[in-house]
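Dear colleague,

I am passing this structure on to you, and I would ask you to look it over before reading my notes. They follow below, grouped by topic.

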Amino acid sequence: MIQIDELRFSYRGRCVYDGLNLELKDGAVYGLLGRNGAGKTTLMRLIAGLLKCGNGRIEVDGMVPFDRKPEFLDNVYFVPESFNAPDLPVIEYAGNYGMFYSNYDGDALVDYLRIFDVEPGAVFRRLSSGQKKKAMIAFALSLNTRLLLLDEPGNGLDIPSKLTLRRLLAEHMRPDRTVILSTHQVREVEDIVDHVAVIDSGRLLLNSSLDDLAGKICFSTGDKVMLHALFSERTAAGVVNILPRLTRSGIVSGYTGHNLGSGTLSDRPTAYSGTDTETGTAADAETHLKNLHAKTDIDIEVLFDACISGGGTLVEYLRSLDRNTEKEVDHACC
């Protein structure tokens with residue numbers, strides 16, 4: 001497990017993080033999402049022990065990354081977005097560096113390279129950028145570390161290679177393993193991640209499993225912005241509305257911080273500039289959902305846009321539900 005408490009870090013005089021708190025659990029594939037310059041790569045390098053935090057604390061399985069203890073290094077591998085390719089055959093490079101990892105599997109490496117269509121005897125420096133990236137990812141998977149950090153792994157990969165990466169990551173997962181993918185190309189991590197963490201301007205906006213989100217919000221695609229939407233965005237498929245999950249009585253469960261039952265389009269955060277807005281009660285909205293192309297799957301790109309540019313409404317809604325849950329737990333304990 002990764003535990004980050006009150007992280008503060010500055011780079012070249014610029015404050016990147018000022019009090020970040022984040023918990024990442026084992027057995028999950030996390031999508032670390034944020035705009036360019038949001039601090040995703042910095043955070044991954046801090047977790048990998050390549051940078052030292054100014055204040056606060058980072059622990060990975062109870063160890064401080066920057067202490068770089070052998071048992072920590074044995075179970076963590078970081079694949080950067082770009083790297084200097086050595087003038088060595090891929091198989092020789094893997095043999096030279098794989099020996100430092102107790103769970104390195106040379107046979108698995110050869111299989112991964114074959115699946116990625118990379119020749120084991122090819123010299124790293126002579127490969128294309130996409131082939132280099134695939135070779136490095138294959139090596140990373142063959143190490144079988146408990147924590148794998150991939151910075152913008154889709155950059156340089158063609159569409160078939162991205163599909164292959166998704167499949168290999170799914171096969172790689174174990175209950176004691178964690179994978180973190182950082183990207184600003186949100187569509188690239190769909191069907192890979194089962195948790196999302198969104199950061200912006202050094203702040204954590206969201207950290208949740210997709211299953212948990214599916215129990216709190218739903219996505220509906222139609223031709224109108226719905227009155228009760230927490231966020232709306234026009235896509236190629238139509239207007240996607242993010243709506244709160246409703247109780248059978250039509251009352252929004254556990255949330256009182258936003259006027260979901262009234263107001264004009266201008267009262268609500270939206271990425272949609274039209275005026276064709278659905279009206280009615282919460283119960284009407286619930287009924288209307290049945291007549292639209294309602295989705296229980298999370299649209300990660302729209303979710304990301306809602307967190308980053310949605311005026312905080314979705315983020316506050318989700319946080320309010322979490323606060324209510326904590327109160328219920330505290331009350332039950334008493």
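A residue is called buried when its relative accessible area is under 20%, exposed when that area is over 50%, and partly exposed in between. Cys218, with a relative accessible area of 6%, is therefore buried, and Cys307, at 5%, counts as buried by that cut-off too. Please keep in mind throughout that this is a predicted model. As for disulfides, the structure holds 0 of them.

Backbone

Most residues other than glycine have a negative phi, and two residues of this structure are worth looking at with that in mind. Glu6, which is not a glycine, has a positive phi of about 50°; Glu6 is found in strand 1, which covers residues 2-11, and with a relative accessible area of 36% it is partly exposed. Arg68 also has a positive phi, near 50°, and is likewise a residue other than glycine. Arg68 sits in the loop that runs between strand 4 (55-60) and helix 2 (70-73), and its relative accessibility of 36% makes it partly exposed.

Surface

Which residues make the nonpolar surface patch of about 390 Å²? The patch is made by Tyr97, Met99 and Phe100. Of these, Met99 can be placed in the loop between helix 3 (90-98) and helix 4 (106-115), where its relative accessible area of 60% puts it among the exposed residues, since that value is over 50%.

Salt bridges

Side chains of opposite charge can pair when their charged atoms come close. A search of the whole structure finds 13 salt bridges, and I describe some of them here.

One of them joins Arg166 and Asp191, whose closest N and O atoms are 3.6 Å apart. This pair links distant parts of the chain, because Arg166 belongs to helix 6 (residues 159-172), whereas Asp191 is in the loop between strand 7 (178-183) and strand 8 (195-200), 25 residues apart. Asp191 is exposed, at 69% relative accessibility.

Another salt bridge is formed within helix 6, where the side chains of Glu171 and Arg167 meet, with an N to O distance of 3.3 Å. Because Glu171 and Arg167 are 4 residues apart in helix 6, about one helical turn separates them. Both ends of this pair are partly exposed, Glu171 at 46% relative accessibility and Arg167 at 41%.

The side chains of Arg187 and Glu301 also meet in a salt bridge, at 2.7 Å from N to O. Here again distant parts of the chain are linked, with Arg187 in the loop between strand 7 and strand 8 and Glu301 in helix 9 (residues 300-309), 114 residues apart. Arg187 is partly exposed, with a relative accessible area of 34%, and Glu301, at 28% relative accessibility, counts as partly exposed as well.

Finally, which residues are linked in a network of salt bridges? They are Asp26, Asp61, Arg146 and Asp176.

With the structure open, you might begin with the loop between strand 7 and strand 8, where Asp191 and Arg187 are both found, and follow the salt bridges from there to Arg166 and to Glu301.

With best regards

Terms used:
Residues numbered from 1 in each chain as written. Predicted model: local features only at pLDDT ≥ 70, side-chain atom pairs only at ≥ 80, totals over all residues. Heavy atoms only, no water. Disulfide = S-S within 2.5 Å. Buried < 20%, exposed > 50% of the residue type's maximum accessible area, 1.4 Å probe, protein only. Helix = DSSP H or I, 4+ residues; strand = E, 2+ residues; numbered from the N terminus. Patch = residues over 30% accessible without salt bridge, like charges linked within 9 Å, V, L, I, M, F, W, Y side chains within 5 Å. Areas by Shrake-Rupley, 256 points an atom, 1.4 Å probe, with all protein chains shown as cover. Salt bridge = Lys/Arg side-chain N within 4 Å of Asp/Glu carboxyl O.
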